[in-house]
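User: Please take a close look at one part of this structure, namely how charged side chains pair with one another. Then relate that part to the ligand site and to the other local features that can be described.

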Amino acid sequence: MATEAQDGTLTVTDNRTGTTYEFPITDGTIRATELRNIKVSDDDFGLMTYDPAFMNTVSCRSAITYLDGDNGVLRYRGYPIEQLAAKSTFLEVAWLLIHGELPTTAELASFTEDIVGRMPVDPSIAASIGAFHQDAHPMGVVEAGFGQLSTLYPEAKDVDSDPERMDALYNTIAKIPTIGALAFRHNQGLDGVAPDPVLGYSTNILKMFFGSDYEPDPRLVRALEILLILHADHEQNCSTSTVRVVGSSRVDPYSAVGAGVAALYGPLHGGANEAVLVMLREIGSKDNVPAFVEKVKNREALLMGFGHRVYKNYDPRATIIKKACDDVFEVTGVNPLLEIAVELERTALNDEFFVRRKLYPNVDFYSGLIYEALGIPSDMFTVMFAVGRAPGWVAQWLEMINDNEQKISRPRQVYVGADERDYVEIESR
Ligand code: CMC
């Protein structure tokens with residue numbers, strides 16, 4: 001969190017020219033564009049910063065999520081994640097992220113009814129999903145689904161219209177699980193199950209996956225709600241930054257979210273929860289953990305579900321998920337992979353390699369075990385992450401589009417290619 005103590009000025013001397021510059025420091029940052037004043041001549045473009053992977057670049061001012069990676073703190077709109085996970089529902093959190101305040105009873109009731117009422121998708125989406133290969137990865141299908149939503153709701157292109165925006169943002173939260181469920185059912189060779197407007201959001205998700213006769217244990221529904229809450233936002237992570245960057249072109253929000261889905265699909269981001277399960281299965285037994293950890297230390301493998309760009313401490317979401325695992329396993333029986341995961345965590349947290357690099361379990365380390373206990377196959381895990389992250393994506397999109405400082409995102413580069421050269425005729429090459 002920015003504090004006044006971080007404010008002041010920065011004095012810089014350019015040793016190339018001997019000129020001294022003073023720049024304001026606000027919220028612990030200097031404006032990168034201020035550096036453009038540092039020039040060696042009038043026609044010099046000015047100094048830029050070089051920051052591959054945005055390791056030290058603040059891309060926006062945001063009032064949505066506070067994350068303190070050193071102390072393992074996560075808050076949505078000021079509310080600690082632990083309290084939200086214990087007390088709220090996923091749609092309550094979605095409202096909070098979008099509107100900035102917790103909803104009243106009446107607001108939550110009408111929002112819940114509205115979102116659940118929007119869960120059905122146009123039949124053309126089910127038809128498109130039916131045209132995918134049966135083994136199509138559901139994340140690829142969800143990605144495509146958002147391209148299709150953008151064509152079904154062309155009015156969403158009016159990104160300056162408040163009602164159109166809200167329609168698109170609410171549709172995103174409502175329809176993402178339905179598209180995911182259709183993809184899942186298609187993988188199984190089954191027809192889709194229509195959402196039921198009288199049921200809750202998460203109950204509907206489970207019924208759309210497993211059939212209208214499936215009666216989920218309320219403890220499993222609550223565990224799913226907790227997982228979705230924990231994934232709902234995480235400030236400027238790869239997929240959220242993608243939504244903001246793509247949205248800055250003023251494309252409709254469905255397309256921007258589709259790009260976010262693509263970013264999340266990657267194994268270093270949301271794809272890690274699926275990769276954790278693959279890793280645990282490969283390890284196979286507790287006895288093989290030390291050998292696997294040696295492989296990681298020899299750089300032959302990554303310990304999936306460990307490490308984070310911002311957390312240099314235990315990810316608070318992992319603590320909550322670990323506790324939720326116990327509740328779920330009470331209903332479903334213990335997943336045998338849990339034993340391997342616990343041993344892996346214990347070994348890593350006591351090993352100098354991980355300690356020195358401050359590598360701790362992240363949100364993805366245990367979430368897959370819960371999804372598996374719910375009967376969700378591993379290639380659906382990242383879809384579940386996307387369902388959870390949808391409110392964060394749309395809240396961040398809205399904040400971006402309302403930001404007066406917002407322009408199209410367009411980084412610079414250092415050109416390191418060939419100097420000017422003449423075209424060579426093909427027969428002379
Ligand atoms: N296993 C082994 N070594 C690791 C790991 C890991 N999971 N994560 C980081 N390291 C090492 C890395 O090799 C580097 O060592 P050295 O300084 O000796 O070269 C050091 O730790 C710092 O890591 P980094 O790669 O510079 O860190 P980063 O901020 O660029 O990457 C990360 C963050 C999450 C991509 C990375 O930790 C990772 O690949 N983790 C595994 C994938 C994963 O679990 N992703 C989910 C992230 S949380 C949820 C989400 O965002 O979706």
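Analyst: A convenient starting point is helix H13, which holds both Lys323 and Asp327, four residues apart, or about one turn of the helix. Helices here are DSSP runs of H or I with at least four residues, numbered from the N terminus. The model is predicted, so local features are given at pLDDT of at least 70 and side-chain atom pairs at pLDDT 80 or more, while totals for chains, interfaces and linings use all residues. Residues are numbered from 1 along each chain as its sequence is written, and side-chain values use heavy atoms, without hydrogens and water.

Lys323 and Asp327 form a salt bridge, with their closest N and O atoms 3.1 Å apart; the term denotes a side-chain nitrogen of Lys or Arg within 4 Å of a carboxyl oxygen of Asp or Glu. Lys323 counts as partly exposed because its relative accessibility is 49%, and Asp327 is likewise partly exposed, at 33%. On this scale buried means under 20% relative accessible area, exposed means over 50%, and partly exposed lies in between (1.4 Å probe, protein chains only).

The structure holds 18 salt bridges. One of them joins the side chains of Glu399 and Arg244, at 2.7 Å from N to O. This pair links distant parts of the chain, since Glu399 belongs to helix H17 and Arg244 to helix H9 (residues 238-247), 155 residues apart. Glu399 counts as buried because its relative accessible area is 18%; Arg244 is buried as well, at 6%. A further pair is Glu215 and Lys207, whose side chains meet at 3.3 Å, N to O. Its two partners fall into opposite classes: Glu215 is exposed because its relative accessibility is 61%, whereas Lys207, at 10%, is buried.

Salt bridges also link Asp114, Arg118 and Asp167 in a network. Arg118 sits in the loop between helix H3 (105-117) and helix H4 (123-130), and it counts as buried because its relative accessibility is 17%. The side chain of Arg118 makes a polar contact of 2.8 Å with that of Asp114 and another, of 3.0 Å, with that of Asn171. A polar contact is a pair of N or O atoms within 3.5 Å; within protein, one must be able to donate a hydrogen and the other to accept it, and residues adjacent in sequence count only if both atoms are side-chain atoms.

Charged residues also appear at the ligand. Its shell of 21 residues has His269, Arg299, Leu303, Gly305 and Arg309 as the closest, where a residue is near if one of its heavy atoms lies within 4 Å. The shell divides into eleven nonpolar, six polar and four charged residues. A polar side-chain atom of Arg309 lies 2.6 Å from a ligand oxygen. Backbone N or O atoms approach the ligand as well: one from Gly305 lies 2.8 Å from an oxygen atom, and one from Leu268 lies 3.0 Å from a nitrogen atom. Taken alone, the ligand exposes 930 Å², of which the protein buries 73%; such areas come from the Shrake-Rupley method with a 1.4 Å probe, and for residues only the protein chains shown count as cover.

Arg299, in the ligand shell, has an unusual backbone angle to consider. Most residues other than glycine have a negative phi. Arg299, although not a glycine, has a positive phi of about 65 degrees. It is placed in the loop between helix H12 (289-297) and helix H13 (316-332), and it counts as exposed because its relative accessibility is 60%. Lys358 is also not a glycine and has a positive phi of about 55 degrees; its place is the loop between helix H15 (352-356) and helix H16 (363-373). Lys358 is partly exposed because its relative accessible area is 45%.

Helix H2 (residues 90-99) is mostly covered, with nine of its ten residues buried. Among the buried residues are Glu92 and Trp95. Just after H2, Gly100 takes a positive phi of about 90 degrees.

Key:
Nonpolar A, V, L, I, M, F, W, Y, C, P; charged D, E, K, R; others polar. Helix = DSSP H or I, 4+ residues; strand = E, 2+ residues; numbered from the N terminus.
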